[in-house]
Amino acid sequence: DTAKLRLTFLLLSDKAGCSPEMIAAIKNDMIRVISKYMKIDTNNMEIQISKSTARGRGKNPTLYADIPILDLHN
């Protein structure tokens, strides 16, 4: 599992043009912020970065996050 996570961060960082540590920091920050408002399944959370064309500005990295919500905090 650890090797799979490291490889995922390495592939994402290569697509985004930033370090694996930065991708891990982004994921950890997302978890910290979202967890204030809802309970999420961090084990099945997926992050993807792809290149997309944004309104004629060329190809820009785009972050997609699939974060399963288990419960909302009231």
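Me: Which element gives the largest share of the lining of the largest pocket?
Reply: Helix 1 does, with 5 residues. Bear in mind that this is a predicted model.

Me: How many residues line the largest pocket, and which are closest to its centre?
Reply: A pocket is read from its volume and its lining. Here the largest pocket has a volume of about 380 Å³. Its lining comprises 13 residues, and Lys4, Leu5, Thr8, Asn43 and Met45 are the closest to the centre. Two elements, helix 1 (2–16) and strand 2 (46–53), give two or more residues to this lining.

Me: How do the residues of that lining divide by class?
Reply: The lining has 5 nonpolar, 4 polar and 4 charged residues.

Me: At what angle do helix 1 and helix 2 pack?
Reply: For a helix pair, take the angle and the distance between axes together. Helix 1 and helix 2 (residues 20–34) pack at about 105°, and their axes are 8 Å apart. Angles of 65 to 115 degrees count as roughly perpendicular, so helix 1 is roughly perpendicular to helix 2.

Me: Which residues of helix 1 and helix 2 meet?
Reply: From helix 1 come Leu5, Phe9, Leu10, Leu12, Ser13 and Ala16; from helix 2, Pro20, Ile23, Ala24 and Lys27. By class, this contact has 8 nonpolar, 1 polar and 1 charged residues. Leu5 also belongs to the pocket lining described above.

Me: What pattern does the protein chain follow along the sequence?
Reply: The order of elements is α-α-β-β-β-β, made up of 2 helices and 4 strands.

Me: What share of the protein chain counts as buried?
Reply: Buried means under 20% relative accessible area. Of the 74 residues of the protein chain, 20% count as buried.

Note on methods: Residues are numbered from 1 along each chain as its sequence is written. This is a predicted model: local features need pLDDT of at least 70, side-chain atom pairs count only at pLDDT 80 or more; totals for chains, interfaces and linings use all residues. Side-chain values use heavy atoms; hydrogens and water are left out. On a 1 Å grid over the protein atoms alone, a cavity is a set of points where a 1.4 Å probe fits but cannot get out, and a pocket is an open set with protein on both sides within 12 Å along at least five of seven lines; lining residues have an atom within 4 Å of a point. Grid points are joined across faces, edges and corners, and a volume is the space filled by probe spheres set on the points. Ala, Val, Leu, Ile, Met, Phe, Trp, Tyr, Cys and Pro count as nonpolar, Asp, Glu, Lys and Arg as charged, and the others, Gly among them, as polar. Axes are lines fitted to C-alpha atoms, for helices over the stretch in contact, and angles run from 0 to 180 degrees between N-to-C directions. Angles under 35 degrees count as roughly parallel, over 145 as roughly antiparallel, 65 to 115 as roughly perpendicular and the rest as oblique. Contact means heavy atoms within 4.5 Å. Buried means under 20% relative accessible area, exposed over 50%, partly exposed in between (1.4 Å probe, protein chains only).
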